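Thanks, everyone, for making time this morning. I would like to walk you through some side-chain contacts and one surface feature, so please have a look at the model first.

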Amino acid sequence: MPYLLRKFLFLLLTLWVAVTLNFVLPRLVPGDPIGAMLAKYQGKLDPSAVDALTVAYGLNDQGSLFTQYVTYLGNMLRGDFGRSIGQFPTPVVDIVAQAAPWTIGLVGICTVLAFFLGSALGLYSAWRRGGRLADALPPIALFLNSMPYFWFALLLLYLLAFRTGTFPLSGNLDPFLTQFSAEWWKSLVRHAALPALTLVVTAAGGWLITMRNNVMGVMGEDYVAFARAKGLSEGRLLNRYVLRNALLPSFTAFGMALGFVVGGSILTETVFSYPGLGLQLYNAVTTLDYPLMQAIFLFIALAVLVANFFVDALYAVLDPRVRDGKAG
Amino acid sequence: MQKLLTLTAVLAAALTVSAHAQQPKNVFTVVRPTQWGAQNFNPFAPGDQHLLPTNSAIYESLFYVNTLNGKVTPVLGTKYTWSADNKTLTVTTRPGVKWHDGSAFSARDAAFTFNYLKQYPALDTSAIWKNGLASAKATNDTTLVLTFSKANTTIFPYVAGQMIVPEAIWSEISSPLTETNAKPVGTGPFTFDAYSQQALRVLKNPNYWMKGQPYIDAVVWVSTNSNDAALLKLLKGEADYGYVGQADPVNGYQKKGPNNQFWWPVTGDNYLYFNTTKAPFNDPAFRRALSQAVNTANVAEKAYAGAAKAAHSSGVIPGQQAQWLPAGTASLKYDMAAADTALTRAGYKKNAQGVRLGKDGKALPTFKILVGAGWTDFITMAQVVGGDLKKVGLNTQIDQQAWSSYSGGLQTGTFDMGISWGWGGGPTPYYLFNQSFGPEYSAPVGKTAPSNLSRYTNPAVTAALTQFQSTSDTAAQKKAMATIIKTVMTDMPWLPLTDRSEFSNYSTVRFTGFPTAQNPYNAGTADDTAGARLMYLNVKPK
């Protein structure tokens with residue numbers, strides 16, 4: 001079977017497993033959303049409203065587990081994720097559609113940025129080993145990478161937003177601006193600056209170390225020594241021999257990182273009140289909003305799988321052995 | 001082409017002008033420590049399922065009943081009377097009120113609203129029909145007559161607080177529970193203007209029925225996702241008001257700026273609930289002895305650093321509901337020695353190691369005290385309670401649970417002891433006692449009890465609750481209340497620990513007219529309540 005087709009079938013299979021787990025897990029979790037809601041109102045909501053709400057939320061008896069599963073799969077295929085419980089009666093799809101661009105925009109761009117920035121610096125640090133800057137980079141990177149993300153975010157928030165007021169404390173936009181106007185864009189960038197800075201700074205260090213190690217490994221290989229002995233130019237050596245081989249291991253990790261954009265955004269978005277999927281997931285968990293939780297979990301699973309699929313495809317381009325089916 | 005360009009230029013100019021004209025001048029900013037959901041202004045959706053301005057700025061109820069003192073402020077209703085048999089409530093509605101779309105409000109809209117709740121029982125979240133409403137009719141444009149199948153004066157706050165909607169619009173809506181009502185039409189002092197996940201804005205209703213009010217041009221709600229973030233906005237002066245809980249409002253907010261004020265009126269208590277379905281907590285003598293063994297003054301001091309006081313052991317809030325407390329009802333006194341003797345006398349002896357034994361002679365197990373995970377105030381309370389009980393030979397252990405297991409445990413009756421607030425409340429102590437000890441709010445262990453967490457019922461209490469409910473005579477109500485308080489203080493199904501407050505914080509830099517202890521025109525309640533509407537009507541730019 002051709003390499004890519006095999007990978008694609010595997011993607012479908014994993015997706016089905018994810019969807020099924022998504023169906024089973026919430027049904028195993030203790031607690032019931034209506035009870036939790038009733039509790040939240042501290043007795044201000046009359047108990048007789050509970051029966052009515054249970055029906056309204058679709059949490060009443062829905063037939064056997066198998067029927068529920070079939071209905072669930074059918075709904076999923078039609079893109080119907082039900083209505084949110086925490087933000088009733090908004091359809092879950094609307095909430096996801098509203099939040100996703102913010103997460104993908106902020107965390108997605110930052111992940112890519114951190115990868116390229118970190119990898120470039122890692123390459124530089126390995127290639128120019130012995131130079132003052134090149135040797136100073138790894139310890140700095142280790143320090144930044146091992147710094148607790150939460151703590152760094154709060155520190156930035158305190159210094160740059162609370163004390164100096166250079167950046168806003170929370171949110172993604174100033175209110176009441178005309179969409180896509182100059183003011184709007186300015187506000188967008190100002191709001192994204194701090195969360196982006198934390199994301200890039202804490203993630204880039206990791207990529208730097210990985211890339212540096214890869215490059216050093218490759219530089220020790222015989223074919224590099226051979227190429228150098230043959231008198232290839234430094235530029236050609238770097239591009240054709242070192243970079244290409246050193247990038248391969250990083251790519252797998254990069255694919256995973258891309259997939260985890262949504263899941264990894266929870267901390268950033270909670271600290272900065274950035275209204276993306278991570279914040280929605282956090283809220284969904286606290287309010288036992290199963291439909292919303294399910295949709296976001298599925299979104300995460302889908303993102304991870306698709307990203308991996310693309311990395312696999314890219315691998316085939318970068319590494320001829322994979323394409324020929326002789327390795328991997 | 002030339003024409004088209006000019007036209008575009010004119011249009012663009014017009015748009016800029018209107019955009020500028022729309023910027024309101026005196027904007028009152030409210031900061032929220034939580035996020036909000038999608039654009040939903042359905043006033044029938046319970047609690048925070050709808051957006052914040054719904055019940056405070058856009059829709060109005062017949063009356064506002066202040067839970068602090070029971071004072072009734074007329075809103076869409078101007079006056080109400082109960083018939084002699086307390087089965088008919090006649091409400092006079094306000095003439096000359098206009099809906100936001102310009103049509104006239106009348107008693108018929110009010111009658112429609114109540115009948116709508118009957119038609120769609122899921123909307124009746126305060127169970128007005130279930131609790132005996134038999135018919136709702138408008139006899140003319142300004143008279144609403146509600147008849148009840150049994151005498152039920154205590155339902156008044158629920159009737160008074162029901163948001164009234166226009167018949168012309170809602171009679172066309174076929175699925176009101178899932179209706180998001182994105183363009184709300186109410187009678188309130190503000191009209192909806194702008195929505196986003198970060199901020200909501202309502203603008204002054206120029207045709208509002210109170211002449212000259214509101215004094216402000218707009219209210220803006222800004223969302224943050226934690227108390228800390230909300231407090232920061234208040235401290236930075238980016239918000240004028242915030243309903244934000246803090247450990248120490250004096251040092252954390254008030255002392256950080258000359259214009260920082262807070263008003264945290266006591267509106268309830270925190271309780272130690274005993275699970276009366278479990279031995280030995282099913283023994284009133286045991287519960288009473290335990291209650292005597294806990295130093296509640298120390299609990300309050302440790303948990304709130306002096307910001308909250310020990311509760312009166314009747315559960316009645318002394319400040320504003322003291323008139324319901326029978327004369328000379330003293331709070332249970334902390335007396336460790338007496339508690340120790342009482343336990344032994346009730347059949348719980350101590351062994352040689354000082355460990356309390358059950359009636360069967362076996363050592364009592366370690367009892368769990370259920371609290372919310374990470375809730376420092378409740379955890380501190382549980383520590384003090386545990387320390388005090390240790391002194392009378394009882395071992396306890398703090399059981400921290402995440403929100404859903406915490407509330408689920410309390411409601412399904414799987415706990416030994418648990419710390420929580422009063423599940424229920426209102427302008428008289430009746431509402432708390434009814435929801436805490438009414439049989440209809442209880443359930444067998446394993447099933448969800450809506451609010452009777454102790455699972456305690458007593459025929460004497462149930463009968464007195466019915467008596468209280470069926471009369472509008474204050475003297476008769478006081479007599480019934482005396483019975484309830486006496487019985488509860490004898491049986492001690494719970495131990496009231498400390499006072500519990502609302503969390504109104506505000507800055508007087510730009511506005512005056514906030515509610516205060518001297519002028520308690522609302523109960524310091526959250527920013528999306530009928531009480532908050534009174535604040536939006538009364539705050540004035542400096």
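Let me start at the surface, where F10(A), L13(A), W16(A), V17(A), L21(A), V24(A), L25(A) and L28(A) make a nonpolar patch of about 800 Å². Patch members have over 30% relative accessible area and no salt bridge, with nonpolar side chains joined within 5 Å, and the areas come from the Shrake-Rupley method with a 1.4 Å probe. One of these residues, L13(A), has its place in helix α1 of chain A, residues 3-28, helices being DSSP runs of H or I with at least four residues and strands runs of E with at least two.

As for provenance, this is a predicted model, in which local features need pLDDT of at least 70 and side-chain atom pairs count only at pLDDT 80 or more. Residues are numbered from 1 along each chain, and side-chain values use heavy atoms.

Turning to the rings, the whole structure holds 55 aromatic pairs over all chains, a pair meaning ring centres within 6.5 Å, with planes over 60 degrees apart called edge-to-face. F63(B) and Y80(B) are edge-to-face, at 5.4 Å centre to centre and 70° between the planes. Because F63(B) lies in strand β2 and Y80(B) in strand β4 of chain B, the pair ties together parts 17 residues apart in sequence. Ring pairs also link F28(B), W221(B), Y506(B), F511(B), F514(B) and Y536(B) into a cluster.

Finally, R94(B) lies over the face of W209(B), at 3.9 Å from the ring centre, the criterion being CZ of Arg within 6 Å of that centre and within 35 degrees of the ring normal.

How values were computed:
Chains are lettered from A and ligands numbered from 1 in the order in which they are written. Patches are made of residues with over 30% relative accessible area and no salt bridge: like charges are joined within 9 Å, nonpolar side chains (Val, Leu, Ile, Met, Phe, Trp, Tyr) within 5 Å. A salt bridge is a side-chain nitrogen of Lys or Arg within 4 Å of a carboxyl oxygen of Asp or Glu. Rings of Phe, Tyr and Trp (its six-membered ring) pair if their centres lie within 6.5 Å; planes under 30 degrees apart count as stacked, over 60 as edge-to-face and the rest as tilted.
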